[in-house]
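Please walk me through this model, with attention to how its strands pair and where its charged side chains meet.

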Amino acid sequence: MMTSITGDSAQDRNLTGKILIAMPGMSDPRFERSVVLVCAHSDEGAMGLVLNRPLPEIGFGDLLNQLGIEAEEDARPIEVRFGGPVEPGRGFVLHKVAEHGQDPEGRLRIGQALAMTTTRDILVELAQGYGPDPAVLALGYAGWGPGQLETEMLANGWLTGDGAEDLIFDLSHEDKWQRALRAQGIDPSLLSAASGRA
């Protein structure tokens, strides 16, 4: 279901856990055809992680080496993605969690069964072959100041929709933007053809 920012309550307008789909007229080339998971949204602004920009030139093992973390033989290969242009040297692990339970320090819950963790501990766990599964690592994040995201949405920069696990953890990125639109009931070819018309 598509979400409007003109709801009656703050809860209606909170986009945490939703996805943002860049519209064809997106003016910022860093977000062209991007799909972003909104990890936090409040009156102070919003932050999210881009879901469809892998960084194949950066391996998880390379990052572990840079951080002085030794990877075990049974360490799972974790995909590294471009999370956004803000703080590109900072890592965020996006992963599934149990729906109930206490969240440790450094973990931000996004809805009931999804979280983002920023601590070194989670990288050590993944390097040792355990830790959350599925999980992806994003470098950097997308950030908006107070009211900025809402302004971009009103300017037709973003379409919002419900997040889907296959969009978040799926490793096939070439058609993720199109799939995100189709999940909202929108034909990408019609949307592209209609862009720029008054």
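The paragraphs below take up the strands and then the charged residues.

This is a predicted model, in which local features need pLDDT of at least 70 and side-chain atom pairs count only at pLDDT 80 or more, while totals for chains, interfaces and linings use all residues. Residues are numbered from 1 along each chain as its sequence is written, and side-chain values use heavy atoms, with hydrogens and water left out.

A good place to begin is strand 7, which covers residues 114-117; helices (H or I, at least four residues) and strands (E, at least two) are DSSP runs, numbered from the N terminus. Strand 7 is covered on both faces, with Leu114 and Met116 buried on one side and Ala115 and Thr117 buried on the other, where buried means under 20% relative accessible area, exposed over 50%, and partly exposed in between (1.4 Å probe, protein chains only). Two strands are taken as paired if DSSP finds at least two bridges between them. Strand 5 (residues 86-96) pairs with strand 7 in the antiparallel sense over four bridges, and Val93 has Thr117 as its bridge partner. Strand 6 (residues 107-109) is also antiparallel to strand 7, over three bridges, and here Arg107 stands opposite Thr117. The hairpin of strand 6 and strand 7 has four residues between the strands, and Gly111 takes a positive phi near 80° there.

Elsewhere, Val36 lies in strand 2 (residues 35-42) and counts as buried at 0% relative accessibility. Its C-alpha atom is separated by 5.4 Å from that of Leu49, although the two residues are 13 apart along the chain.

Turning to the charges, a salt bridge is a side-chain nitrogen of Lys or Arg within 4 Å of a carboxyl oxygen of Asp or Glu, and by this rule the count comes to seven salt bridges. One of them joins Asp28 and Arg30 at 2.7 Å, N to O; Asp28 is buried, with a relative accessible area of 19%, whereas Arg30 is partly exposed at 46%. Another salt bridge joins Asp133 and Arg76, with the closest N and O atoms 3.9 Å apart. This pair links distant parts of the chain, 57 residues apart, with Asp133 in the loop between helix 3 (120-127) and strand 8 (135-144) and Arg76 in the loop between helix 2 and strand 4. Asp133 is exposed at 55% relative accessible area, while Arg76 is partly exposed at 21%. Finally, Arg179 and Asp170 form a salt bridge with closest N and O atoms 2.8 Å apart, and Asp170, Asp175 and Arg179 are linked in a network of salt bridges.
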